[in-house]
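Colleague: I am new to this structure and would like to learn how to read it feature by feature. Could you take me through it slowly, with the general idea before each case?

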Amino acid sequence: CLKARIQSLDREIKRVADKEHPYTEPDTIYRALLRVLDSWGTHFDEARDLVPTDTDSMLDPVFKRVAIEVDKVFRVFGLADRVDSARIPFEILRSLAWAATELLDEQCKIVVRLDTAYNYSITSFRRMFEQLNWGKFWAETAENHSDSEPRKSTVLVLGFPSPDASAILLHALAAHELGHEILDRYHSEIERIRVRLLNDAKGVYRDQLEEYILDNMRRGGGVSRDDAYEKARQQLEVRLDNACSKWISEIWSDLVAIRLVGPASLAAFDRVTLNEGSPSDSHPSGLLRRRVAERYVREKMPHIAEDPICSSVFLSPATSLSERQLSPSSQLLKTLYPLLDYVCTRSLDPLSNVLDQVASPIGNKSILAKVERLEEFLDNLAPPNAALGKEDIKPSSFWLLIYAAWHFRLSELRFQSFCAKHGDSADREMGEAALCNLLLHGVKSLELEYQWDRSQPHTPGEPQFGAAHGA
């Protein structure tokens with residue numbers, strides 16, 4: 001039965017891989033999965049050959065391990081078996097991959113998967129394979145099918161809400177999602193920050209944690225009070241540690257997004273899921289995230305904090321946690337919320353020191369004049385990249401154009417005038433479609449101009465686009 005399942009999954013992956021695709025990017029994923037499946041299929045066959053048929057019970061641990069790995073292959077394949085439909089008008093993928101390649105410092109290709117759930121996500125398959133202990137299979141596949149170094153190549157799967165396939169402004173969320181990928185680069189530093197702050201918080205909230213443990217001890221027959229206490233304590237420690245890791249990851253990614261596109265990341269989030277959002281084990285509340293982001297902008301980007309258009313994004317309903325309706329499964333989280341809030345709030349200063357290593361295209365006050373010029377081009381239906389000087393023809397300007405487009409959209413009077421000038425002042429949907437189209441043409445032209453210049457022969461000493469700025 002297990003052998004038949006391996007063979008069936010192998011045939012299905014090959015069937016999908018052999019179909020005609022508008023792009024070749026998914027092929028690396030399919031080939032890597034086939035390598036994983038072949039490895040475990042071989043492991044299964046070798047075990048059967050070594051053990052006599054009348055002692056099959058000796059193989060149970062092997063069969064169980066193989067079954068677990070095959071199930072993982074099936075689930076990972078489920079993330080990649082419906083990508084890159086030819087009918088999806090995702091012209092931004094090449095430009096986004098270009099910006100991601102510079103940001104992550106690895107060769108990135110991007111495929112898209114429209115989600116029925118209203119969510120935006122980016123998943124690195126190289127990192128996923130490494131987390132599943134399949135890193136060597138990804139490296140072998142990338143080495144055979146890529147010109148870049150195996151460990152420096154990935155395929156990113158972009159999950160995008162189906163109803164908004166043409167909403168280019170939502171790609172401000174890519175800055176947050178790529179922040180999760182950047183976190184790996186600074187994992188040891190961020191982990192030290194998390195552990196130190198969590199230990200501090202446990203001391204501050206010692207009494208509350210002790211009370212929760214005592215209230216949730218489960219004593220069955222033959223279980224001593226000390227054993228029941230220890231079990232409850234360990235369960236709390238595991239959940240607290242996991243929740244803290246995930247909350248810090250979200251705060252970090254929020255701040256990376258702020259460095260790249262400013263409050264535009266929050267404006268895009270509000271369209272998808274953020275708002276005042278209740279907390280969960282995996283995500284802080286929207287209110288906490290907005291509060292930390294606002295403080296970061298005020299301390300690190302005062303020129304943006306003083307902009308009334310940007311500062312309006314930080315306004316949200318003043319709903320406190322006690323007023324929010326938490327589900328019964330969230331009662332433990334309600335107990336832990338003050339402790340996790342403590343960690344996230346105090347993580348800002350040490351995280352800021354690490355974040356300084358992530359270049360920001362909007363971190364300097366000189367950006368204000370650039371944004372004003374970009375908006376003038378948008379106002380006159382001109383692709384905004386045409387407003388950039390030669391020194392700004394570089395990958396990081398992808399994020400600058402997104403920031404400028406959102407700044408233009410959030411300027412109510414300017415956007416209303418834009419709608420009236422080019423159609424109907426009451427038709428915000430049509431006006432936003434025009435703005436998205438201009439942004440799309442802007443980022444595509446920016447990338448093409450950069451690539452064209454890089455492909456041309458240059459005389460010694462002649463600078464290329466973006467060369468003086470480390471692009």
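Colleague: Let us start with R271: is R271 buried, partly exposed or exposed?

Modeller: Please keep in mind throughout that this is a predicted model. The general idea is that a residue counts as buried under 20% relative accessible area and as exposed over 50%, with partly exposed in between. R271 has a relative accessible area of 34%, so R271 is partly exposed.

Colleague: Which residue forms a salt bridge with R271, and how far apart are the closest N and O atoms?

Modeller: The partner is E432, and the closest N and O atoms of the two residues are 2.4 Å apart. This pair links distant parts of the chain, since E432 belongs to helix α20 (residues 428-455) while R271 belongs to helix α11 (residues 264-272), 161 residues apart. E432 has 12% relative accessibility and therefore counts as buried, whereas R271 is partly exposed. The two residues also take part in a network of salt bridges that links R271, R409, E412, R428 and E432.

Colleague: How many salt bridges does the structure hold?

Modeller: There are 36 salt bridges in the structure, and two further pairs are useful to read side by side. In one of them, D184 pairs with R127, the closest N and O atoms being 3.8 Å apart. Here too the pair links distant parts of the chain, because D184 sits in the loop between α7 (173-183) and α8 (187-204) and R127 sits in helix α5, with their positions 57 residues apart in the sense that they are 57 residues apart. With a relative accessible area of 38%, D184 is partly exposed, while R127, at 17% relative accessibility, counts as buried.

Colleague: And where do E130 and R126, the other pair, lie?

Modeller: E130 and R126 both lie in helix α5 (residues 125-131), four residues apart, which is about one turn of the helix. Their salt bridge has its closest N and O atoms 2.9 Å apart. E130 is partly exposed, with a relative accessible area of 38%, and R126 is buried, with a relative accessible area of 13%.

Colleague: Which residues form the negative surface patch?

Modeller: To read such a patch, one looks for like charges on residues with over 30% relative accessible area and no salt bridge. In this structure D207, E210, E211 and D215 form a negative surface patch. Taking one of them as an example, E210 has its place in helix α9 (residues 206-215), and at 32% relative accessibility E210 counts as partly exposed.

Colleague: I would also like to understand buried residues: what is E447 in contact with, leaving aside its neighbours within four places in sequence?

Modeller: Leaving those neighbours aside, E447 is in contact with R94, S95 and W98. E447 is found in helix α20, and with a relative accessible area of 4% it is buried. A second case is T28, which is found in helix α2 (residues 26-50) and counts as buried at 10% relative accessibility. Not counting residues up to four places away in sequence, T28 touches W138, T141 and V155.

Colleague: What should I look for in the backbone, for instance in the phi of D105?

Modeller: The general idea is that most residues other than glycine have a negative phi. D105 has a phi near 60°, a positive value in a residue other than glycine. D105 lies in the loop between α4 (93-104) and β1 (107-115) and is partly exposed, with a relative accessible area of 48%. L381 is another case, with a positive phi near 55° in a residue other than glycine. L381 is found in the loop between α17 (367-379) and α18 (397-410), and its relative accessible area of 41% makes it partly exposed.

Colleague: Finally, how many helices and strands does the chain have?

Modeller: The chain has 20 helices and three strands, and buried residues make up 49% of its 471 residues. Among contacts with a separation of 6 or more, 79% are between residues 24 or more positions apart. As for the surface, the chain exposes about 22,600 Å², of which carbon and sulfur atoms supply 49%.

Notes
Residues are numbered from 1 along each chain as its sequence is written. This is a predicted model: local features need pLDDT of at least 70, side-chain atom pairs count only at pLDDT 80 or more; totals for chains, interfaces and linings use all residues. Side-chain values use heavy atoms; hydrogens and water are left out. Patches are made of residues with over 30% relative accessible area and no salt bridge: like charges are joined within 9 Å, nonpolar side chains (Val, Leu, Ile, Met, Phe, Trp, Tyr) within 5 Å. Accessible areas come from the Shrake-Rupley method with a 1.4 Å probe; for residues, only the protein chains shown count as cover. A salt bridge is a side-chain nitrogen of Lys or Arg within 4 Å of a carboxyl oxygen of Asp or Glu. Lys and Arg count as positive and Asp and Glu as negative; His and the chain ends are not counted. The place of a charge is taken as NZ of Lys, CZ of Arg, CG of Asp or CD of Glu. Helices (H or I, at least four residues) and strands (E, at least two) are DSSP runs, numbered from the N terminus. Buried means under 20% relative accessible area, exposed over 50%, partly exposed in between (1.4 Å probe, protein chains only). Contact means heavy atoms within 4.5 Å.
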